[in-house]
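Hi,

Here is the structure I promised to pass on to you. Have a look at it first, and then read on for what turned up in it.

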Amino acid sequence: MPGDRERTAVVTGECDLAILEEVLDALDRLWDEAPPGADEHRYLFALAVSEILTNVIQHNPGPSFALRVELGMGGDALHATIDDGAPPAEVAIEGAGMPDVDSESGRGLALAEAVLDELRHERTASGNRWTLRRGL
Amino acid sequence: MNLSTAVQEHYAVISIEGRFTAAVAPRLREEANDLVAEGRKNIVVDLSAATFIDSSGLGALIGALKTARVAGGDLRIAAAPEHVLSVLRLTNLDRVLRNHPTPDAAFNAG
């Protein structure tokens, strides 16, 4: 079964919004090659990837850092690993609530947490790593 | 992504084609600001060709909604596909951004 085999794609680039389109394109290509589940998974996982990647890019405190995004689709899950070369970030994932309806920002982390089965942030020797997983 | 505007008699329609993300959000805010500055304070955002939306897109819609309402007008959305509606529900924004079947229905149906 093609859907049982782990398929991956890697996108690297500078830490600006241009990479977001490339990553979402890569996700679409991986999905179209062999859709591993219902379309809802595709949209909700892409949503989580977009939220975390946009946060990383927009909260980037200094000059451009390199980003590396690895996407994977296997038999039972969709996953992504986002590595940046930025200084360690202070992140509180748990309990990220949805803001009031008239707020113009602040929904990203809560949305990502709501649609993922696993969302982890850790500091690495060279920056920050985000791990995202949605079970199929 | 493509953003285009069509001015009707009683409202203006901003159509969004493609992914509605942080790369596009500032353009919607600017377009809404320009329309309201011209006195066109009733705006419909046609989402029929939006292939994706995230919280940056939603934030821009809320910003433009506030701009329109402060001017005494309103911003409504139309023809949103199911994947857009599901993100609205996840964020509870379906209560303030109610979807209308067509841009025409958004203002003419009351």
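In this predicted model, Arg69(B) and Asp74(B) form a salt bridge through their side chains, with 3.0 Å from N to O. The two partners sit in different surroundings: Arg69(B) is partly exposed because its relative accessibility is 46%, between the limits of 20% and 50%, whereas Asp74(B), at 13%, is buried.

That pair belongs to a longer list, since the search over all chains finds 17 salt bridges in the whole structure. Another one to look up is in chain A, where the side chains of Glu33(A) and Arg7(A) meet at 3.1 Å, N to O. Why is this pair worth a second look? Glu33(A) is part of helix α1 (residues 18–33) and Arg7(A) is part of strand β1 (residues 7–14), so the salt bridge ties together parts of chain A that are 26 residues apart in sequence. Here Glu33(A) is exposed, with 58% relative accessibility, and Arg7(A) is buried, with 7%.

Now turn to where the chains meet. Between chain B and chain A there are five salt bridges. Arg19(B) is a good residue to click on: its side chain forms a salt bridge with Glu21(A) at 3.0 Å, N to O, and one with Asp28(A) at 2.9 Å, N to O. Because Arg19(B) lies in strand β2 (residues 12–20) of chain B and Asp28(A) in helix α1 of chain A, the second of these pairs joins two chains. Arg19(B) is buried, at 11% relative accessible area, while Asp28(A) is partly exposed, at 27%. Both acidic partners also appear in a network of salt bridges that links Glu21(A), Asp25(A), Asp28(A), Asp32(A), Asp39(A), Arg42(A) and Arg19(B).

How much area do chain B and chain A bury between them? The answer is about 1,900 Å², and 62% of it is on carbon and sulfur atoms. Arg19(B) turns up again here: together with Phe52(B) and Leu90(B), Arg19(B) supplies 30% of the area that chain B buries against chain A, more than any other three residues.

In terms of contacts, 24 residues of chain B touch 23 residues of chain A. There are also nine residue pairs in polar contact across this interface. On the chain B side, β3 (42–53), α2 (55–70) and α3 (82–90) each supply at least two residues, and α2(B) gives the largest share, with six. By type, that side divides into nine nonpolar, 10 polar and five charged residues.

Happy exploring!

Notes. Residues are numbered from 1 along each chain as its sequence is written. Chains are lettered from A and ligands numbered from 1 in the order in which they are written. This is a predicted model: local features need pLDDT of at least 70, side-chain atom pairs count only at pLDDT 80 or more; totals for chains, interfaces and linings use all residues. Side-chain values use heavy atoms; hydrogens and water are left out. Contact means heavy atoms within 4.5 Å. Buried area is the accessible area (1.4 Å probe) that two parts lose on being put together, summed over both. A salt bridge is a side-chain nitrogen of Lys or Arg within 4 Å of a carboxyl oxygen of Asp or Glu. A polar contact is a pair of N or O atoms within 3.5 Å; within protein, one must be able to donate a hydrogen and the other to accept it, and residues adjacent in sequence count only if both atoms are side-chain atoms. Helices (H or I, at least four residues) and strands (E, at least two) are DSSP runs, numbered from the N terminus. Ala, Val, Leu, Ile, Met, Phe, Trp, Tyr, Cys and Pro count as nonpolar, Asp, Glu, Lys and Arg as charged, and the others, Gly among them, as polar. Buried means under 20% relative accessible area, exposed over 50%, partly exposed in between (1.4 Å probe, protein chains only).
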